[in-house]
Amino acid sequence: MKKLLAILLSTVLLMAACVPLTALSVTAKTISGTTGDCTWTWTDGHLTISGEGKMANYSLAKTAPWIGNVTSVTIEEGVTSVGAYAFYNCEDLVSATIPDSVTSIGERAFAWCTSLTAVTIPNRVTTIDKWAFGGCNALTAVIIPDSVTTIGISAFYDCYSLTAVTLSDSITAIGNGTFGQCDALTSVNIPDGVTSIGSYAFGECNSLTTVTLPASVTAIGAEAFKLCLSLTDVYYAGDETQKAAIVIDEKLHTLSVGGTAEVDPLVIHPNCTAELTYASSDEAVATVDGSGTITAVAPGTTIITAYTYGCNAKMI
């Protein structure tokens with residue numbers, strides 16, 4: 001009996017040893033389809049977009065067919081756009097290759113790709129749409145080439161690992177929230193030709209210490225540098241007359257007669273120790289005291305302005 005059992009065990013072991021290795025291999029899964037003027041092929045997490053022309057635009061209601069299953073992307077030469085929501089919320093996406101043929105990056109194209117550490121924007125791109133890279137919180141640096149003329153609102157919002165950014169010399173505006181909550185950003189040089197900086201454009205950039213403004217800036221939006229707690233040096237290239245002409249967007253307060261509100265000096269960084277001076281453009285409507293408390297006097301509209309000198313704001 002023992003001998004028979006031994007023979008049976010030997011037979012089982014021999015049979016197991018003779019299983020062909022090919023029977024244990026896994027065949028790569030490949031699926032494909034079309035996107036706009038182009039085609040796409042997905043193989044085990046790698047996505048390739050090829051063809052001539054634009055990718056399709058997607059949305060929250062109509063997502064791209066590969067969403068959530070992409071670790072790397074190669075967009076081949078000939079493709080001219082990265083579609084809206086193309087890689088939205090692809091949290092495992094680590095790398096993306098964009099060819100020189102691409103001229104536009106659509107709305108939320110890479111938004112919330114939280115593993116994307118680097119991206120090269122080709123020098124033929126002219127438009128980066130709103131929220132294009134919003135929430136890419138592993139992205140550490142970005143160079144926006146001079147071909148780019150338009151950057152949409154919140155395009156790099158909440159990229160909290162972004163330490164360095166080079167802006168295109170061709171832009172004329174930095175939109176609302178463009179670099180809001182980029183916590184690691186330490187300095188920014190606004191290029192000549194920029195005329196406006198939008199609301200909250202650099203809001204809550206907690207590591208931002210230095211900002212250089214060109215003389216071309218004529219308007220700064222509400223809360224453009226709100227809660228930039230480390231901001232100590234603001235360099236301005238214009239003269240005193242140009243500086244005085246810069247329009248700071250007002251925060252609107254609606255008060256009943258006798259009501260009060262506090263002035264929020266929006267673009268004055270919180271570490272400023274210089275004394276602030278407040279003024280009302282029409283004291284018959286509202287007054288403001290030395291501490292910045294507004295008191296409504298009568299129906300109407302007035303502008304409350306906060307002035308300061310110092311705070312390491314320097315002329316260059």
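Accessible areas here come from the Shrake-Rupley method with a 1.4 Å probe. On that basis, the protein chain exposes about 15,900 Å², and carbon and sulfur atoms supply 56% of it. Keep in mind that this is a predicted model. Strands dominate the element list: the chain has 25 of them, against 2 helices.

**The chain overall**
- Of the 316 residues in the protein chain, 41% are buried.
- Take the contacts in the chain with a separation of 6 or more: 36% of them come from residues 24 or more positions apart.

**The parallel sheet**
- Five strands make up an open sheet with parallel pairing, and reading across it gives the order β4-β6-β8-β9-β11.
- The edges are β4 (53–54) and β11 (150–151), each of which pairs on one side only.
- Starting from the β4 edge, 2 bridges tie β4 to β6 (residues 79–82) in the parallel sense. Here K54 has S81 in β6 as its bridge partner.
- S81 turns up again one step along the sheet, where it stands opposite S104 in β8. That fits into the parallel pairing of β6 with β8 (residues 104–105), which again runs over 2 bridges.
- Over at the β11 edge, β9 (residues 127–128) runs parallel to β11 and is joined to it by 2 bridges. I128 is matched with I151 of β11 as its bridge partner.
- As background, strands of a sheet pair through backbone hydrogen bonds, either parallel or antiparallel.

**Antiparallel pairing around β23**
- The antiparallel sense shows up at β23 (residues 293–296), which pairs with β20 (residues 260–262) over 3 bridges. In that pairing, T260 stands opposite T295.
- β23 also pairs with β22 (residues 286–288), antiparallel once more and over 3 bridges. A286 sits opposite A296 of β23.
- β22 and β23 form a hairpin with 4 residues between the strands, and G292 in this hairpin takes a positive phi near 95°.

**Positive phi outside glycine**
- If you're scanning backbone torsions, N89 is one to look at: its phi is positive, about 65°, although it is not a glycine. You'll find N89 in the loop between β6 and β7 (95–97).
- N89 has a relative accessible area of 35%, so it counts as partly exposed, a class that runs from 20% to 50%.
- E223 is another non-glycine residue with a positive phi, near 60°. It lies in the loop between β17 (219–220) and β18.
- Despite sitting in a loop, E223 is buried, because its relative accessible area of 16% falls under the 20% cut-off.

**D233 in β18**
- The E223 loop leads on to β18, and D233 lies in that strand, which covers residues 233–236.
- D233 has 15% relative accessibility; buried means under 20%, so this aspartate counts as buried.
- The side chain of D233 makes a polar contact of 3.0 Å with the side chain of T232.

Note on methods: Residues are numbered from 1 along each chain as its sequence is written. This is a predicted model: local features need pLDDT of at least 70, side-chain atom pairs count only at pLDDT 80 or more; totals for chains, interfaces and linings use all residues. Side-chain values use heavy atoms; hydrogens and water are left out. Two strands pair if DSSP finds at least two bridges between them. Buried means under 20% relative accessible area, exposed over 50%, partly exposed in between (1.4 Å probe, protein chains only). Contact means heavy atoms within 4.5 Å. A polar contact is a pair of N or O atoms within 3.5 Å; within protein, one must be able to donate a hydrogen and the other to accept it, and residues adjacent in sequence count only if both atoms are side-chain atoms.
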